[in-house]
Every structure is written in C-alpha cells, then in structure tokens.
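Dear colleague,

Please find below the sequence and the structure that I am handing over to you. My notes on what was found follow directly after them.

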Amino acid sequence: MKVTTAALPLLPLFQRLLPGLPGLPGLPGLPALPGLTELAGLPGRLTGLSLTLLKASALEAAILAGHVLLYPSGIIQERRPVSALPLTDSQEPQISPPTPRLPARTSPPVVLLHGFIDNRSVFLLLRRSLAQHGRHQIESLNYSPLTCDIRTAAELLGRHVEEICERTGSDRVDIVGHSLGGLIARYYVQRLAGDLRVRTLVTLGTPHTGTRVIPLANAHPIVRQMRPGSAVLEELTRPSPGCRTQFVSFWSDLDRVMDPLETACLDHPDLTVQNVRVSGIGHLALPVHPAVATGIRQALDTVEEPEAGTETGKGAGGLTVA
C-alpha cells in the first residue's frame, strides 16, 4: 500500500477513531505511526462483518418465507393424546395399549412456547430434532395473538403444564420459549410458583430486561410489557429465593429484535443461569438452526441441578453457527 505525505494530516484523526492501538515501526520515508497496521486491516474486518450480516439477513429472509408457508398448519391447537379409540355401534370397546411406564431416569416432557404473533409451527425443525434424539413427549402451546397480558398467558401455561403432568405421570417438565414465549414461561416460574413444575427453562432471544425495537408496536399492550421498565419486568427483578428451575438463555449477537442485544441475557441473583452467546444468526433462526437445536438438547440433557443463586455469566457459553 502506498502512503503519500498528503495523507499524513488525516492519520491523527484515524488514531483518535481507533484508540489504544499499539505503536508500529516507521514505514519507509515516514515516521512511526501508531495503529497504522490495524488501520490497514480495518477494511478486511468490515468486509468480514458485512458478509456475516449478509448471510444472517439472507437466512432470516428464507426462514421468514418458509414460516409464512407453514404458519396456517400451526394455527389450530395440537391434538392431545387419548386413552381409548372411538367406538362404533357394532364394535366392542377397543382400549388402546397402555402407555409403558417410563424408566426413572427418562427425561421429562418438553413444552414449546412460541413468540409474539406466532404459533407452534415455528418449532417444526426443533421438535423433529428433539424427537430424533429420544425426546418423545413434546407438546406445544398456542396462545392467542390477541393475548394482551403476560400474566394471563403465564396462568394459561400453568394450567397446560398441570394437565401434561397429570396425563403423563411426570412431576416436572422442561420448557423451551422463543422470544416472548420465554418471558411468559419465566413469569410462570418466578411469580406463579412454576419452579415446582419446571426443571429447565431454555429461552431463545427473550427480552429479559426489555427491548426498545420498533417503538410503533407500543400500540399492543403486551409489547408495552416487553419494554424496559415495565411493571411486568419490574416484577421479574424481585427476589426469587429458592427457585428450583435451571435457566439457559441463548442470545444472538445479530438479533435485531433485541435492543440492546444484551437484553436477551438473564441476570438475577436468585436464579441458576447459563447465558449462551450465539454468533452468526438472527432472531428468527434461533428456534430453527440445527446448531442451536444441538445446544438446546445439551441444555435439556443436563441432569445436575446446582444450588439457586449460581450464575455463570454472559461468557458461560458460546456457539458460532456461521
């Protein structure tokens, strides 16, 4: 790269824009200029970042298009298993074979909870991945897009969990919540004694401290509850001593629905938390990407339950998918 003396007056400006860069030996015909090598490599770094953003944006667009096609299939609440087959006038009762009792160490049922203006179809690939790796009791809960209160949705979730536990004979469940779904599940765990029923709660791109994205969306009451400083989020900051649930929060460094990005990290002194940073994908890809699905399976397969108050921090885990 040829640097002429005409560029010298601009170099102090670049040094101020890139503070703390180490000094370098002088180039031929020029005095020593701190940070010149880093400055020369800046276009390459910006190009790499731009390519990553481009890939993530293209993936988000593809996922959105596919989800629009699948959305109608998830509008109706999924069917619950029945214990007996239907009768006809000429048939004797046909009792279905009893469900075999699960071994003591079998994992609990998994409940999937979608985000704002969405439905259970978003979990199609994640559900398939969990089933392929031994999770056969998987259920989704649809809540209405007209739901206007996180507390009401959390009460509905609580009734759904109780029904699952009664039907399956399991004492506890695991929950995976995407975006708003994670916040609803967290409210159930912390404020409605849901920690008695929820062993592990995995959140994907959930605004734990509130997001400022799309101010015009404030017309919807439940969006206002997802804003920083809302009454619901204030309730979630209150003490939760002895909470039995483990929390695993996946957050993406390219999630444009989270503003700021770190709002998807969970930090509470009374909760057992692991925050996992995901690099290379956006908000819509979190419940879809196979690498994230692997991370979710690993989180759910962790059977140890450390004492409440153990917080492993934002740097506890990392996942690069691009």
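**Backbone geometry in the loops**

Ile 117 lies in the loop that runs between S1 and helix H3 (124–132). Please bear in mind throughout that this is a predicted model. Although Ile 117 is not a glycine, its phi is positive, at about 50°. The residue counts as exposed because its relative accessible area is 52%, and the cut-off for exposed is over 50%.

A second residue with a positive phi is Ala 193, where the angle is near 60° and the residue is again not a glycine. Ala 193 sits in the loop between H5 and strand S4 (198–204). With a relative accessible area of 42%, Ala 193 is partly exposed. These angles deserve a note, because most residues other than glycine have a negative phi, and most peptide bonds are trans.

The peptide bonds offer a case of their own: the one from Asp 259 to Pro 260 is cis, with omega near 5°. Pro 260 has its place in the loop between S5 and S6.

**The chain as a whole**

The chain holds eight helices and seven strands. It has 322 residues, of which 43% count as buried. Among the contacts in the chain with a separation of 6 or more, 78% are accounted for by residues 24 or more positions apart.

**Helix H4 and its surroundings**

Helix H4 covers residues 150–168. Does its length agree or disagree with the expected span? At 1.5 Å a residue, its 19 residues should span 27 Å, and the C-alpha atoms at its ends are 27 Å apart, so the two values agree.

The buried residues of H4 are Ile 150, Ala 153, Ala 154, Leu 157, Gly 158, His 160, Val 161, Ile 164, Cys 165 and Thr 168. The elements that cover them include three strands, S1 (110–113), S2 (138–141) and S3 (173–178). Helices H5 (180–191), H6 (221–224) and H7 (231–236) are also included in that cover. After H4 comes Gly 169, which has a positive phi near 80°.

**Tyr 143**

Tyr 143 is located in the loop between S2 and H4. Its relative accessible area is 7%, and the residue is therefore buried, the cut-off being under 20%. Which residues are in contact with Tyr 143, leaving aside its neighbours within four places in sequence? They are Leu 113, His 114, Gly 115, Phe 116, Leu 156, Leu 180, Gly 181 and Ile 184.

Two of these contacts can be described in terms of polar atoms. The side chain of Tyr 143 reaches the backbone oxygen of His 114 at 2.8 Å, and it reaches the backbone oxygen of Gly 115 at 3.1 Å. As for Arg 120, this residue is 23 residues from Tyr 143 in sequence, and the two are 9.3 Å apart in space, C-alpha to C-alpha.

**Asp 253**

Asp 253 belongs to the loop between strand S5 (246–252) and strand S6 (272–279). With a relative accessible area of 17%, Asp 253 falls under the 20% cut-off and is therefore buried. Its side chain is joined to that of Ser 279 by a polar contact of 2.9 Å. Not counting residues up to four places away in sequence, Asp 253 touches Leu 261, Arg 277, Val 278, Ser 279 and Gly 280.

**Cavities and a pocket**

Rolling a probe the size of a water molecule over the atoms shows where empty space is left. The count comes to two cavities of 30 Å³ or more. The second largest cavity holds about 40 Å³ of space. Its lining consists of His 114, Gly 115, Phe 116, Ile 117, Asp 118, Tyr 143, Ser 144, Pro 145, Thr 147, Leu 180 and Ile 222. Ile 117 and Tyr 143, both described above, are thus among the residues that line this cavity. By class, the lining divides into six nonpolar residues, four polar and one charged.

The second largest pocket has a volume of about 550 Å³. It is lined by 21 residues, and those closest to its centre are Phe 116, Ser 179, Val 257, His 283 and Leu 284. The lining of this pocket comprises 13 nonpolar, six polar and two charged residues. Phe 116 appears in the lining of the second largest cavity and in that of the second largest pocket.

With kind regards

Methods. Residues numbered from 1 in each chain as written. Predicted model: local features only at pLDDT ≥ 70, side-chain atom pairs only at ≥ 80, totals over all residues. Heavy atoms only, no water. 1 Å grid on protein atoms, 1.4 Å probe; cavity = no way out; pocket = protein on both sides within 12 Å on 5 of 7 lines; lining within 4 Å. Points joined across faces, edges and corners; volume = space filled by probe spheres on them. Nonpolar A, V, L, I, M, F, W, Y, C, P; charged D, E, K, R; others polar. Helix = DSSP H or I, 4+ residues; strand = E, 2+ residues; numbered from the N terminus. Expected span 1.5 Å × (residues − 1). Buried < 20%, exposed > 50% of the residue type's maximum accessible area, 1.4 Å probe, protein only. Contact = heavy atoms within 4.5 Å. Polar contact = N/O pair within 3.5 Å; in protein donor to acceptor, adjacent residues only side chain to side chain.
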